[in-house]
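Trainee: May I ask for the reasoning behind each term as we look at this model? I should like to see every value set against its definition.

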Amino acid sequence: MVSPRYTADYRKDELALICQYAWRGESLCFVGVAGTGKSNIVRILRYSDEMKSQYLRDNVAGVLFPVVDATTWDQTPRGLLGLLVNALDGVTAHLPPVPEPKVTALDDVERTMRKLQTELRWLCEHHDLRIMFILDDCDDLLRIGPLHMLERLNTLRSAHCREHLSYLLFTKKLPHMLGRAHHLEEKSKMYDLFKLNVFALRLYKPDDTRQMLKHLNELAGHPLGRDALARVGWLSGGHARLTKVLFEEWVQYPPDTGDLVGYFSVLPTVMRECARLFHGLHAQEQVVARRLARGSILNADQLTIDHLIRRGLVTIGLDDKVTWFSPLCENYLRTEKG
Amino acid sequence: MDSGILVMLILLGFIAVLILAALFEVRTVDQGEQIVVNEMGRVRRVSGPGPVVLMRGRDKVARTIDCRNRKKTMTVSDYINGIPFDYTLEFWCRTDLNRAAQLSGLRLEDLAVFDDHERDGYVRTKVRAALQEGLRVLEDAAEPAESATQVDRLLPVLPAVPSARSLLSFMTEELKQTLPTVGVLFSPEHPLAVTDVRFNEDVTGSLSRGHVVKLMREQFPDMTPDMLMQTLMSINGIDVPKIERLLFGAGDSAQVGVRVRDGEVKPQANIYPGLRPQRGDPGVWDGPMATPLPEESPAPQPLPAMPPPIPPRDDNVLAAQLEPDEDSQVETLTPADLAVLKRVPLFDDSAKAA
């Protein structure tokens with residue numbers, strides 16, 4: 001029998017926080033680099049009542065997590081509302097149908113908006129359900145807007161749904177920076193919903209990385225020993241996708257040298273992963289990241305380094321030395337042109 | 001002899017009177033008035049009512065002051081809990097420059113240089129200041145909750161409410177202290193009173209509209225917010241031609257409505273391709289639906305144009321060929337920006353279900 005993909009404590013801090021907020025009808029945002037395993041969090045919230053019951057207890061059925069994959073958004077207001085409607089329909093299939101609105105709007109967007117409002121009101125008032133829309137990968141949503149489209153999300157939280165409807169956003173960058181072009185921070189009531197609840201989605205804890213590797217190893221038929229698995233964990237530093245990439249590379253092309261960092265650093269798949277992570281950072285983060293990797297940090301970089309520590313990308317060793325979470329990424333930054 | 005002395009004395013007396021009459025004059029100041037006497041251009045005294053002796057050539061009556069105890073009515077504007085209102089206040093006071101100078105410690109000449117009209121303006125300023133201070137004390141004492149309605153916020157200044165009475169008491173004490181500084185004394189035998197409270201049209205309008213909305217909701221509980229708004233607009237006399245669309249319920253096959261523009265009613269229907277509406281569908285015109293719309297019916301307005309889509313980033317390019325993000329070149333993260341991000345709090349395992 002294969003070990004489960006997740007332990008019972010998988011991402012417990014994050015899941016507990018999300019469930020707590022969903023129950024209270026409060027919105028929040030997680031900022032995490034690409035490949036940190038946020039899709040797993042989304043999958044658990046959407047499908048795993050067993051995992052959620054640890055945090056919601058008997059209230060699991062009373063909280064719904066419709067998921068919107070914002071990467072499929074067609075960049076129109078109608079498209080966004082349509083995604084919300086589809087996501088909501090996906091989690092309410094087991095419930096009786098919602099009465100149609102009495103007045104049907106001529107305008108497409110208005111019609112969809114009313115349908116959504118009617119459904120939400122029905123679910124919140126009649127069924128006393130909490131609904132937390134998960135907006136996955138919504139960087140472009142916040143960056144492109146327009147603002148009035150985002151404000152519709154706040155409008156959905158009418159008098160009837162105020163304490164029942166909330167949002168969980170996943171972004172790679174700080175949300176207010178993404179929406180700076182249309183003054184998200186100053187003008188958006190939607191942003192106000194979660195502006196005090198922007199959390200760093202850190203990389204895996206060692207236990208989660210070990211469990212992931214154990215699961216992958218068992219699925220593949222135990223090709224790697226304990227020692228190799230530990231080295232993969234060290235090289236990836238807890239980055240979920242990098243862990244998977246390294247595992248697959250090791251299984252396919254086992255290293256024949258003691259210089260593991262040098263060996264894996266030049267692999268295209270690894271470089272691609274490091275590049276994706278790096279280029280998903282803010283410009284200032286990239287600059288400081290480069291300087292950190294090259295040992296040329298300035299005094300002025302301290303705040304940004306603290307910020308990167310909060311993101312889990314930088315760690316402080318026992319000798320107070322500040323280093324990147326992964327020696328592979330550090331090597332990439334040292335040699336990356338810029 | 002005696003008669004000669006007598007005549008001399010009379011003559012002397014007469015001459016003295018003539019001299020005095022030449023030097024002085026006696027002005028009679030009416031009851032309820034006083035006069036400001038300047039000596040060589042400077043305020044010397046405030047005298048009256050009754051006879052007042054003035055030296056010709058030296059003393060000059062600068063102005064007459066009305067010192068009757070009179071009722072004043074003033075309308076003063078201010079804000080309570082962010083809502084503007086007008087108070088019409090009534091009180092009694094009199095001008096008594098001598099007494100006011102004693103009470104206030106100011107010089108008589110500083111108080112006497114203003115005429116009655118100017119003094120009235122200063123009294124209004126003092127009343128307004130007393131009201132402002134009183135409102136500040138009221139607001140500090142009891143801040144309304146965030147969920148407080150407009151009525152809750154206005155309550156403290158409504159007459160006969162205890163807080164309004166204490167506001168007037170505060171103002172009375174304030175005016176007793178401050179009015180002497182402009183030469184006026186407050187008359188406590190006639191208490192300060194509010195004779196009128198007015199709110200601006202936005203407030204009264206919203207209170208009235210709120211009442212109408214409440215009544216309508218009670219009568220028509222199924223009415224949607226949009227229909228409610230349209231009906232309210234009609235009640236308030238908004239021009240019907242400005243309402244461009246009235247919405248009807250319809251089946252899935254068609255959307256039917258009416259567009260009103262410049263007083264002309266034009267039918268309009270949206271028919272979904274591939275779906276033929278049937279007679280009997282709610283709101284469908286009783287006629288052949290396959291016929292096209294009349295030419296003069298305008299097409300439905302398109303959605304506003306979206307900006308051109310940003311091409312998706314190609315993540316499958318080798319690291320060496322990736323270009324830096326264009327946006328990222330102009331970003332600067334301030335300490336405030338960096339402070340937005342928080343750590344996830346640690347979960348307490350003991351709170352987890354068994």
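Trainee: Why is the crossing of α11(A) and α13(A) called right-handed?

Mentor: α11(A) passes α13(A) in a right-handed crossing, a term that applies because the near helix is turned clockwise from the far one by less than a right angle, whereas an anticlockwise turn would be left-handed. The axes of helix α11 (residues 206–219) and helix α13 (residues 240–252) of chain A come within 11 Å and cross at roughly 35 degrees. Such axes are lines fitted to the C-alpha atoms over the stretch in contact, with angles running from 0 to 180 degrees between N-to-C directions. Helices here are DSSP runs (H or I, at least four residues), strands are runs of E of at least two, and both are numbered from the N terminus.

This is a predicted model, in which local features need pLDDT of at least 70 and side-chain atom pairs count only at pLDDT 80 or more, while totals for chains, interfaces and linings use all residues. Residues are numbered from 1 along each chain as its sequence is written, chains are lettered from A and ligands numbered from 1 in the order in which they are written, and side-chain values use heavy atoms, leaving out hydrogens and water.

Trainee: Which residues make the contact between α11(A) and α13(A), and what is its make-up by class?

Mentor: α11(A) contributes A:Thr209, A:Met212, A:Leu213, A:Leu216 and A:Asn217, while α13(A) contributes A:Ala240, A:Thr243, A:Lys244 and A:Phe247. Contact here means heavy atoms within 4.5 Å. By class there are five nonpolar, three polar and one charged residues. A:Lys244 is charged because Asp, Glu, Lys and Arg form that class; Ala, Val, Leu, Ile, Met, Phe, Trp, Tyr, Cys and Pro are nonpolar, and the others, Gly among them, polar.

Trainee: Why is A:His282 called buried?

Mentor: A:His282 has a relative accessible area of 0%, and buried means under 20%, exposed over 50% and partly exposed in between (1.4 Å probe, protein chains only). A:His282 is therefore buried. A:His282 sits in the loop between α15 and α16 of chain A. Neighbours within four places in sequence aside, A:His282 contacts A:Lys173, A:Leu174 and A:Met177, as well as B:Glu331 and B:Leu333 of chain B.

Trainee: What makes A:His222 exposed and A:Asp128 partly exposed?

Mentor: The relative accessibility of A:His222 is 54%, so A:His222 counts as exposed. A:Asp128 stands at 46% and therefore counts as partly exposed. A:His222 lies in the loop between α11 and α12 of chain A, and A:Asp128 in the loop between α5 and β4 (130–136) of chain A. Although neither is a glycine, A:His222 has a positive phi of about 60 degrees and A:Asp128 one of about 50 degrees.

Trainee: What caps the N-terminal end of α18(A)?

Mentor: A:Ser326 does, with a side-chain oxygen 3.1 Å from the backbone nitrogen of A:Leu328. That pair qualifies as a polar contact because N or O atoms must lie within 3.5 Å; within protein, one must be able to donate a hydrogen and the other to accept it, and residues adjacent in sequence count only if both atoms are side-chain atoms. In α18 (residues 327–335), the buried residues include A:Cys329 and A:Tyr332. Among the elements covering the buried residues of α18(A) are α12 (226–236) and β8 (322–324) of chain A.

Trainee: How do you know that α4(B) reaches close to its expected span?

Mentor: Helix α4 (residues 116–141) of chain B has 26 residues and reaches 37 Å from its first C-alpha to its last, close to the expected 38 Å. The expected span is 1.5 Å times one less than the number of residues. At the start of α4(B), a side-chain oxygen of B:Asp115 comes to within 3.2 Å of the backbone nitrogen of B:His117. Its buried residues include B:Arg119 and B:Leu138.

Trainee: What are the totals of helices, strands and buried residues in chain A and chain B?

Mentor: Chain A has 18 helices and eight strands, and 60% of its 338 residues are buried. Chain B has nine helices and 12 strands, with 31% of its 354 residues buried.

Trainee: Where are the cis peptide bonds?

Mentor: One joins A:Gly145 and A:Pro146, with omega about 5 degrees; another joins B:Gly48 and B:Pro49, with omega about -5 degrees. A:Pro146 lies in the loop between α6 (139–144) and α7 (147–155) of chain A, and B:Pro49 in the loop between β3 (42–47) and β4 (50–55) of chain B.
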